[in-house]
There are 2 protein chains.
Amino acid sequence: MNTEEGMKINIVQNVLAYNKEHAKVNRDLFKENRVYVVNLLSSPGAGKTSLIIETIKKLKDRYSIGVIEGDIASTHDAEKIRRYTSQVVQINTGGSCHLNASMINKAIEKLNLAKIDLLFIENVGNLICPVGFDLGEDSMAVISSVSEGDDKPVKYPKVFIKSDLILLNKIDMLGLADFNKDFFTGKIRELNTRAEVFELSCIKGTGLSDWTDWISAAADNK
Amino acid sequence: MNTEEGMKINIVQNVLAYNKEHAKVNRDLFKENRVYVVNLLSSPGAGKTSLIIETIKKLKDRYSIGVIEGDIASTHDAEKIRRYTSQVVQINTGGSCHLNASMINKAIEKLNLAKIDLLFIENVGNLICPVGFDLGEDSMAVISSVSEGDDKPVKYPKVFIKSDLILLNKIDMLGLADFNKDFFTGKIRELNTRAEVFELSCIKGTGLSDWTDWISAAADNK
């Protein structure tokens, strides 16, 4: 190992240790305020924002729902979500490919956690880099969409291994895309036997009740 | 700036300088062998592999086409492509979120460059991290697909700014997805006035001739 590699490994270890400290602070705050937190990961365009909006629509009379929007640039998604809840904070990472716990730490200062039951953190659209960064959440969720194809678990295994929730979105596109559901489900189960799996169409509303039942129970039990 | 930040900046500068050196070696080799090289970027599942396969099918009698497949894990795509050309090399990044020039340097040792006219490098499915790494290519191309939504240029601007070719794939899904083509095209042109833009459906074959005409001319002129 040369000096540069050694320095790189040190830096990575420092970054992860620093992240772990902030994740603990966040987790303690979420616990103290009884906020159930979901860290939502996916490829760009798999439906993170749509899922958040549909969930708020269905649960807004029973729960107060907050959202932290993570993007490289723009306030595009936060503006969309602000129509459905006032508890929204936009993080612009300024180029960084993932959210970290320190960014969340700063973002929650702008929310009233005592008045939130359920918090969604929409991570940057990226199946790879966000996986290693604990944000202090209760559940890591990955959305994979039918239009991306059935081979995502084979090609990006880590996010499927580490997720607590696996949501297959855009099932209305089955038959239109090259997607074998048995292949996808089989591969997921090879990687992860414990995750809850949901099949959804945010556009058609399919499967949303199963999802909102699950997330309601999780919020109630925190 | 604390010491850790300073060290991080140094490391990033070293990594990019190291990449630049290897990119130059690759570029010289490609020039010497008159190989036209496309570095293909997109979100997971936007259609990089399908585009490569359809391009080979249309051009295989006129050009010898090589492919370097970049993935975190698996040989899934290389196996698919091997049905259409024997000049395929798989790179598994082992977790890394992008290809770098040094990986390409090692991969081309396994190809017979003197016998290749056109080389596609399929990068890791990621709209963010691969953008900063020159691989020695002639053109950086981004594929964005209709099913991902029309806001990708707003949310991931850098890849659209830096790309020489912008390919809008899955146009057969217009009308099925929440996608306003005028919005997408307008945003692209705000970011990049010089890129060639193609509209394609790899499944239906739409627009493929315009694309293969362009790439043929590029290969002929190298």
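Here are a few worked exercises on a predicted model with chains A and B. For orientation, the model scores ipTM 0.92 and pTM 0.94, and chain A averages a pLDDT of 95, with 97% of the residues at 70 or above.

**Exercise 1. Work out which residues of helix 8 of chain B are buried and whether they line one face.**

Step 1: get the helix geometry. Helix 8 of chain B covers residues 208–220, so to speak 13 residues. From first C-alpha to last it reaches 18 Å, close to the 18 Å expected at 1.5 Å a residue.

Step 2: pick out the buried positions. B:Trp211, B:Ile215 and B:Ala219 are buried in this helix.

Step 3: look down the axis. The buried residues of helix 8 of chain B fall within an arc of 65 degrees, so they line one face. The general rule fits in here: an α-helix has 3.6 residues a turn, so residues three or four places apart point the same way.

Step 4: check the other side. Turned away from the buried side of helix 8 of chain B are the exposed residues B:Ser209, B:Asp213, B:Ala217 and B:Asp220.

Step 5: find the packing partners. The buried residues of helix 8 pack against strand 1 (36–42), helix 2 (48–59), strand 4 (118–122) and strand 7 (196–199) of chain B.

**Exercise 2. Take strand 4 of chain B and determine how many of its residues are buried and which strands it pairs with.**

Step 1: count. Five of the five residues of strand 4 of chain B are buried.

Step 2: sort them by face. B:Leu118, B:Phe120 and B:Glu122 sit on one side, B:Leu119 and B:Ile121 on the other, and both faces are covered. In a regular strand, side chains alternate between the two faces of the sheet.

Step 3: go to the first neighbour. Strand 1 of chain B pairs with strand 4 of chain B in the parallel sense over five bridges, and B:Leu40 stands opposite B:Glu122.

Step 4: go to the other neighbour. Strand 2 (residues 65–71) of chain B runs parallel to strand 4 of chain B, joined by five bridges; here B:Ile68 has B:Ile121 as its bridge partner.

**Exercise 3. Lay out the sheet of chain A and find its edge strands.**

Step 1: write the order. Seven strands of chain A form an open sheet, 3-2-4-1-5-6-7, with parallel pairing.

Step 2: find the edges. Strand 3 (88–92) and strand 7 (196–199) of chain A each pair on one side only.

Step 3: add the twist. Neighbouring strands of this sheet are turned by 20 degrees against each other on average, ignoring direction.

Step 4: zoom in on one edge. Strand 6 (residues 165–169) and strand 7 of chain A share four bridges in the parallel sense, with A:Leu165 opposite A:Glu196.

Step 5: see what lies across. Helix 8 of chain A crosses strand 1, strand 4 and strand 7 of chain A, at about 145 degrees to strand 7.

**Exercise 4. Locate A:Ser74 and describe its phi and its exposure.**

Step 1: read the angle. Phi of A:Ser74 is near 80 degrees, positive in a residue other than glycine. Most residues other than glycine have a negative phi.

Step 2: place the residue. A:Ser74 is in the loop between strand 2 (65–71) and helix 3 (76–82) of chain A.

Step 3: count neighbours. A:Ser74 has 17 other C-beta atoms within 10 Å, so this residue is partly exposed.

Methods
Residues numbered from 1 in each chain as written. Chains lettered and ligands numbered in written order. Helix = DSSP H or I, 4+ residues; strand = E, 2+ residues; numbered from the N terminus. Expected span 1.5 Å × (residues − 1). Buried ≥ 20, exposed ≤ 12 C-beta atoms within 10 Å, placed from the backbone. Arc of directions from axis to C-beta. Contact = placed C-beta atoms within 7 Å. Pairing = 2+ DSSP bridges. Axes fitted to C-alpha atoms, helices over the stretch in contact; angles between N-to-C directions. pLDDT = per-residue confidence, 0-100.
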